Amino acid sequence: MALYRDNKTVQDEMLYKWKCEQDELKQNLSTKDTFAWQMTSNFCNEEKEREPPSTPNPCQTCDPSSHAQKTVLQYIGGVDISFVKGDDVNACSALVVIALPSLEVVYEDYEMIQLDTPYIPGYLAFREVPFLVEAFDRLKAKAPQFIPQVVLVDGNGILHPKGFGLASHLGVLIDIPTIGVAKNFYATDGLLKDEAYQEKVKQLETGQGFPLFSTENDVLGQAYLPKTDFSKPSKPIYISIGHNISLETAIWVVQLLCQYRVPEPTRQADIRSREVIRKWIKSHNPSQDISMITEN
DNA sequence: GCGACAG
DNA sequence: ATCTTGTCGC
């Protein structure tokens, strides 16, 4: 007799719960600019060699002055979680804040964490977001002066089966504008890696992109081939609205930060959290631990 | 039914 | 996500 429900049932119930939570949180989602900084940032004004978005400008309808008000964009956050290779539990969360126009890291936070949830496509947020929220709690408590004006997230925003990916989910929870930047194409809402898509990618020049339309003709995001400082990226990245920001502004921000294919905030979060992982593995590897040897 | 599928 | 140094080429 079954005194417990089988794993299939447990997972189905979990997915149902997650779906409800996504619907719930999505009510708070905003896809508009809600901030004071403007597209004419200190970055563009002071760095001659780094031009504002170039041809073809994906922001045809965007008047920079409409983003206006008092401040300039200075602090940008990046989050990422790195993993231990043969280990589906231990990982390291990272939150970094970089400053414009230097792109220097001015704040960093790493934490070894224990994942309790599997990765299920469409539900990435439920695996990673609790740890990211905790990182922002620490930032708010310890160094509120570095709270970023916008956060770049490794993963999609509204470019998601339910229109509410990790970037949107995190944005709503921390109430800070977020941008989703995925390194891989997510075929959903009618998006296909079909012939037409392949052809568009093929013809992309660096610094260019094209919009990704849903079946209902909504713009879900932008495929973008970064204009990096060195070699040409092999494949595009996928930019989408996270929360409290327009796609036009999101694209503009990402372009500012693409020194490499992956924009600097998330790139630094990735690189540095991997370094933490390496050290953690070393400290947990018995083979070179003297104390283990002497005690045995 | 089968495969694909952000990180 | 993770594996991985040097190397072929513009």
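This report walks through the packing of the protein and its contacts with two DNA strands in a predicted model.

**Inside the protein**

Let's start with the packing. The largest nonpolar core holds 31 residues, and Ile-76, Ile-179, Ile-239, Val-253 and Leu-257 have the most contacts inside it. At least two residues of this core come from each of β4 (150-154), β5 (178-182), β8 (237-243) and α6 (247-257). Helix α6 gives the largest share, eight residues. Apart from this core there's another one, with 27 residues, including Ala-143, Val-151, Val-153 and Ala-167. As a rule, nonpolar side chains in soluble globular proteins tend to be buried together.

If you want one residue to click on, try Ile-76. Beyond its neighbours within four places in sequence, Ile-76 is in contact with Val-96, Val-97, Ile-98, Leu-100, Pro-148, Val-150, Leu-152, Val-253, Leu-257 and Pro-265.

Trp-18 is another one to look at. Trp-18 sits in helix α1 (residues 7-26), and it counts as buried because its relative accessibility is 7%, with the cut-off for buried at under 20%. Setting aside neighbours within four places in sequence, Trp-18 is in contact with Thr-117, Ile-120, Tyr-123 and Phe-126. Ala-125 is 107 residues away from Trp-18 in sequence, yet their C-alpha atoms are 9.7 Å apart.

**The DNA side**

Now for DNA strand B. Around this strand are 18 residues, of which Tyr-119, Gly-122, Asn-156, Lys-183 and Asn-184 come nearest. Of the strand B atoms within 4 Å of the protein, 44% belong to sugar and phosphate. By class, the nearby surface has eight nonpolar, six polar and four charged residues.

DNA strand C has Ser-82, Phe-83, Lys-85, Lys-183 and Arg-274 around it. Here, sugar and phosphate make up 100% of the strand C atoms that come within 4 Å of the protein. The residues of the surface near strand C split into one nonpolar, one polar and three charged. Lys-183 turns up in both places: it is among the residues that come nearest to strand B, and it is also one of those around strand C.

Here are some polar contacts to the DNA.

| Protein atom | DNA atom | Distance |
|---|---|---|
| Tyr-119, side-chain N or O | strand B, base nitrogen | 3.5 Å |
| Asn-156, backbone N or O | strand B, base nitrogen | 3.1 Å |
| Asn-184, side-chain N or O | strand B, phosphate oxygen | 2.5 Å |
| Lys-183, polar side-chain atom | strand C, phosphate oxygen | 2.9 Å |

Notes
Residues numbered from 1 in each chain as written. Chains lettered and ligands numbered in written order. Predicted model: local features only at pLDDT ≥ 70, side-chain atom pairs only at ≥ 80, totals over all residues. Heavy atoms only, no water. Core = buried A, V, L, I, M, F, W, Y, C linked by side-chain atoms within 4.5 Å. Buried < 20%, exposed > 50% of the residue type's maximum accessible area, 1.4 Å probe, protein only. Helix = DSSP H or I, 4+ residues; strand = E, 2+ residues; numbered from the N terminus. Contact = heavy atoms within 4.5 Å. Near = heavy atom within 4 Å. Polar contact = N/O pair within 3.5 Å; in protein donor to acceptor, adjacent residues only side chain to side chain. Nonpolar A, V, L, I, M, F, W, Y, C, P; charged D, E, K, R; others polar.
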